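Reader: I'd like a close look at one single part of this protein rather than a quick tour. Could you pick a residue, walk me through its surroundings, and then step back to the whole thing?

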Amino acid sequence: MEAASRSPYRIREDFPIFSRMRGPRPLVYLDNAATTQKPRKVLNAIVLYYSNTNANVHRGVYGISIEATELYEGVRRKVANFVDANSWREVVFTRNTTEAINLVAYSYALHKIKRGGKIVITEMEHHSNIVPWQLVAGIKGLRIEAIPITMDGYLDLSSLDNSLRDADMLAIVHASNVLGTINPVKEITKTAKEYGVTVLVDAAQSVPHMPVSFKQIGCDFLAFSGHKMLGPMGVGCLIAREEILESMEPFMGGGEMISEVTLSGSRWNEIPWKFEAGTPSVGDVVGLGAAVEYLQEIGLQWVRRHEEELTRTALQEFSEIPRLRVIGPESVKDRCGLVSFLLSDIHPHDLAEYLDREFNIAVRAGHHCAMPLHTKLGLVATTRASFYIYNTKEEVQLLADGLKQALEYFKA
Ligand code: PMP
């Protein structure tokens, strides 16, 4: 993409939703950590697939089925390249991050970790990276330990070695969806590997926003969602080292994942198809492929820099608002492109409703599926603004103006 095209004003034109007005007000979409908007390139790819190529994959010997299979498998290669995996065989399509983590919990942890074994998580995990481990721990009698966080929003790594010494698995978030903290997952994985610990990285908030290399992190599993990176809802990815996938039991049984079935037993398909039971969401995978291309054209370095600028603007503007408390690290370099905060004693739900009603600003309020994190910080809920490639500094300034007016409106 030409340097001049790398501008949020130009990028917005690719997103039909931004032509939607409410009265005189355009949509100010600041809930990108929940899901992102879709560019025309993605929408068109999905429509074109269903209009032109729709057929089931892997089975047909006729033209459009072969084409559909090529499209589907082509995206696997694109994704492998996007996250710097060793091979397309390391890419398993799931529905989302949550399903990818559940796959690892049930296909890996349940079978490979011995009764009494230990899974280490952190206090800043999304429920998707807590509950699957709790379910499996309950079945198998495993222990779960959480690396604590500091009050300024970092992991407290002072007892990392102690935690990992007798651990079997580490499941850790790359970028927190509440604090924004970017964790040093490469260094942490290195330590984990010294103790022979298997590592899963929840990359739901990192892969869409910054260059991420599966090889360089050195983890065993990396999970993320297509819908948080301009792709459609309904497709996510698990990236996993080939040997580990080979050694794992299937997650779900059915068509696609078998090589032979008899009434007395079955043999599994090769990886990665062993983990893709049933008809996959081909149209969504095709849409994800278009999203990956779109992001690669823009360049993830630019995405990261742009989000840093917006975050810097937000932190600067917020610092001038009385009784506003930002949660998470002070340093922009340590943050992904989101800011969670409290404004005086205004309840985050009331604040989010007010911003929507008065300014057509969409922000998220609540515990953001991270209740243990909020509990640790002594909070029930926060308001979160999260940015992406189409957001502008003016939108961040409008949010700041909205917050100042909210103080008057709520007399807070
Ligand atoms: N992990 C993190 C850090 C997230 O932010 C999210 C989405 N909020 C998830 C996991 C779950 O993603 P999904 O709902 O797409 O499975």
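Author: Here's a walk that starts at one residue and works outward to the whole chain. One thing up front: this is a predicted model.

Let's start with Ile389. You'll find Ile389 in the loop that links strand E17 (382–386) to helix H14 (393–409). Is Ile389 buried or exposed? Ile389 is buried, because its relative accessible area is 0% and the cut-off for buried is under 20%.

So what's packed around it? If you skip the neighbours within four places in sequence, Ile389 is in contact with Pro8, Ile11, Phe15, Leu230, Tyr294, Ile298, Trp302, Val303 and His306. Take Val303 from that list: 86 residues separate Ile389 and Val303 in sequence, yet their C-alpha atoms are 6.1 Å apart in space.

Now for the domains. The protein is split into domain 1, made of 3–30 + 299–409, and domain 2, which covers 43–297. The contact between them draws on 37 residues from domain 1 and 35 residues from domain 2. As for their C-alpha centres, those of domain 1 and domain 2 lie 28 Å apart.

Leu230 is one of the contacts of Ile389, and it deserves a stop of its own. Leu230 sits in the loop between strand E9 (221–225) and strand E10 (236–240). Its backbone is worth a check if you look at torsions: Leu230 isn't a glycine, but it has a positive phi of about 80 degrees. Leu230 counts as buried too, because its relative accessibility is 0%.

Cys369 is another non-glycine residue with a positive phi, in this case about 55 degrees. Look for Cys369 in the loop between strand E16 (364–366) and helix H13 (371–376). With a relative accessible area of 33%, Cys369 is partly exposed.

While we're on the backbone, there's a cis peptide bond running from Ile271 to Pro272, with omega near 0 degrees. Pro272 belongs to the loop between strand E12 (265–268) and helix H10 (282–298).

Not every stop has to be a loop, so here's a charged residue in a helix. Glu99 is part of helix H4 (residues 97–112). At 18% relative accessibility, Glu99 counts as buried, because the cut-off is under 20%. Neighbours within four places in sequence aside, Glu99 is in contact with Thr94, Phe251 and Met252.

Stepping back to the whole protein, the secondary structure comes to 14 helices and 17 strands. Of the 412 residues, 58% are buried. Among contacts with a separation of 6 or more, 72% are between residues 24 or more positions apart.

How does the radius of gyration agree with that of a compact globule? For 412 residues, a compact globule would come out near 22 Å, and the protein has 22 Å, so the two agree. The C-alpha trace spans about 70 × 55 × 35 Å along its principal axes.

Last, the surface and the charges. The accessible surface comes to about 16900 Å², and carbon and sulfur atoms account for 52% of that. There are 44 positive and 49 negative side chains, and the centres of these two sets lie 1 Å apart.

How values were computed
Residues numbered from 1 in each chain as written. Heavy atoms only, no water. Helix = DSSP H or I, 4+ residues; strand = E, 2+ residues; numbered from the N terminus. Buried < 20%, exposed > 50% of the residue type's maximum accessible area, 1.4 Å probe, protein only. Contact = heavy atoms within 4.5 Å. Rg over C-alpha atoms; globule rule 2.2 N^0.38 Å. Areas by Shrake-Rupley, 256 points an atom, 1.4 Å probe, with all protein chains shown as cover. Lys, Arg positive; Asp, Glu negative; His and termini not counted. Charge placed at Lys NZ, Arg CZ, Asp CG, Glu CD. Domains from an automatic or database assignment.
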